[in-house]
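Dear colleague,

Please find the structure below, together with its sequence. A summary of the findings follows.

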Amino acid sequence: MPYVSREGDVFVLNLGAEGEQAGENRFHPDWMDAIHASLDEIEGSEGPAALVVTSTGKFFSNGLDVEWIFGHLDQLPEYLDRTHSIFSRLLTFPMPTISAISGHAFGAGAMLAISTDLQLMREDQGFFCLPEVDLNMPFTVGMSALLNSRLPKQTAIEAMTTGRRFGGPDALAAGIVQATSDATALLSSAVSRAEQLTSKRGANLGGIKRSIHGDLIGALETKTRDTDFAFGQQ
Amino acid sequence: MPYVSREGDVFVLNLGAEGEQAGENRFHPDWMDAIHASLDEIEGSEGPAALVVTSTGKFFSNGLDVEWIFGHLDQLPEYLDRTHSIFSRLLTFPMPTISAISGHAFGAGAMLAISTDLQLMREDQGFFCLPEVDLNMPFTVGMSALLNSRLPKQTAIEAMTTGRRFGGPDALAAGIVQATSDATALLSSAVSRAEQLTSKRGANLGGIKRSIHGDLIGALETKTRDTDFAFGQQ
Amino acid sequence: MPYVSREGDVFVLNLGAEGEQAGENRFHPDWMDAIHASLDEIEGSEGPAALVVTSTGKFFSNGLDVEWIFGHLDQLPEYLDRTHSIFSRLLTFPMPTISAISGHAFGAGAMLAISTDLQLMREDQGFFCLPEVDLNMPFTVGMSALLNSRLPKQTAIEAMTTGRRFGGPDALAAGIVQATSDATALLSSAVSRAEQLTSKRGANLGGIKRSIHGDLIGALETKTRDTDFAFGQQ
């Protein structure tokens, strides 16, 4: 389960379980509940603050929990709405937010990574990838809006239509992330940047983010209907 | 008239007549019918596939057929709607699409070139240019939406308000095309990239493209009215 | 007060008073009236023309006139609507427009700078900065739309959420400006570029700009309500 640690005024939300190196950090309903609970805890703090989202091990997040989905196909629309709620909450979180993309960020995991204000990525390992085109999966309205709003248009088209795996340097060149660093420096670099921004925390920053992402939040809050998302079909 | 050839699983749509080097490949109604018929043929194929759009000779496409328009001014709205249908169809074509911009791409020809997923351009000859501002012509709602959606904003502003002629290297720097190559390598480079993507072909890819370009398709499908587009007037 | 001079067919709108080096060129109601009167004068000219917007001294424009606002809080919505009218008018001005950002461009001054077609900036002095996040100020709907439309998305997010001060080279790298030059060459460089574009002047160019910025103009023309903009509050 995700957990929160703290370095000074910087909260670090780890997407995986403590001590776990092989977890895929997929969007299981319990995992999403834990993410929201962690964000509740962080948001409940007082004073200057910033948030770094990262993970330990091979995966940042491997996306939707396909195994859970196939066992609960009747709950798919609500599941996708819940997935969207993670993106919306990060996009408008009332403190500075940085993703430290430490491993593979696939599908919804890639979308989570670009729901923060700034993206740093490990330069030597891990891919940013949208495999939906190869899995015969569509994007929801909200997911497509997120990708097309947060990525340069040509990058969104390439990522969504080809499933290209972007390593750190390629992700930097494509405008997906704003900096890369080696594995040992990634988290400290993210925390260091976050420290410089903790004074911005507050309701006004949340309002500014809502003004930036207003249309996108509207798309993410659109309830998913059965007919919008036929999983595994054409 | 445009014609289709095939290299393995890659269809090559040539915008000009076979053996013709001087054709301007303008949007004559018969030419548009032939483009749609070619796309019908390609779409009617089965199995892995991708599409390269190119031409031979001096022009990729020199845009609207001004001579035809002045002889049929009463049919201008329907003519423009038909022009838009070429862009819409390419934008949502259910297989990977690449433009190999082999010569001048002007006006609607430039718009056609950016209606595919990826753009390659000859580096030593040919311009991408929107001459409308110098011809005292407006852009339709759909054309403006296409240019502002597919080009980086500042590039759209410069291209649309100044009529700047972008050669290959300038088009690359401005984010209009994603790669350039010399004349002899252009088509083979496009076909080679397309070959790697043929497995993506299918209805799901078409749906992904519609989700990417949803608002743009809506603008292109808006019927043109007389009052929207006064050709040759201010 | 702002004043207009002329170099051949290029009008130069100086945002500050003649001979004044220390003026902040803030958006006082009288200053905004003078800007509109200057633009009326320029628009009333005949023949080829282009516009360069610049200033002399330390500030390009330091933004909203906070002192005036606190003395007239009951008039804030109308004041903001008037501010928006400067941006809208420049965005759709029927001749080529270039900002020569000669000094600090802060808040509404930064927004004015990106309401022209092209942005040049002094390389050695002056910052482009949105200090709102540090001043506990929101952005109006129109201001947020302007920043998110005219800047690359990631640049808009960074500028709006962190208040980063972009010097010339940083502004160039972030896609805020398209070129930089030293202090002595800035104005002549802007005038020289403008001279090459004077033939584009006319109603058709104004229409092209309205088609580019249609949604943005709609946002800027939305009347500000008291509840949209609580100055100095969270």
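In chain B, both B:Phe27 and B:Trp31 are buried (under 20% relative accessible area, with over 50% being exposed and partly exposed in between; 1.4 Å probe, protein chains only). This is a predicted model, in which local features need pLDDT of at least 70 and side-chain atom pairs pLDDT 80 or more, while totals for chains, interfaces and linings use all residues. Residues are numbered from 1 along each chain as its sequence is written, chains are lettered from A and ligands numbered from 1 in the order in which they are written, and side-chain values use heavy atoms, without hydrogens and water.

Over all chains, the structure holds nine aromatic pairs (rings of Phe, Tyr and Trp, the last by its six-membered ring, with centres within 6.5 Å; planes under 30 degrees apart are stacked, over 60 edge-to-face and the rest tilted). One of them, A:Trp68 with A:Tyr79, is stacked, at 5.1 Å centre to centre and 25° between the planes. A:Trp68 counts as buried at 15% relative accessibility, and A:Tyr79 is buried at 3%. B:Phe27 and B:Trp31 form a tilted pair, with 4.7 Å between centres and 50° between planes. In chain A, ring pairs link A:Phe27, A:Trp31 and A:Phe87 into a cluster.

As to symmetry, a turn of 120° and a shift of 0.0 Å along the axis lay chain B on chain A with an RMSD of 0.0 Å (least-squares superposition on C-alpha atoms of residues with pLDDT of at least 70 in both). The two copies are thus related as by a three-fold rotation axis. B:Pro152 is the residue of chain B that comes closest to this axis, at 4.6 Å (C-alpha).

With kind regards
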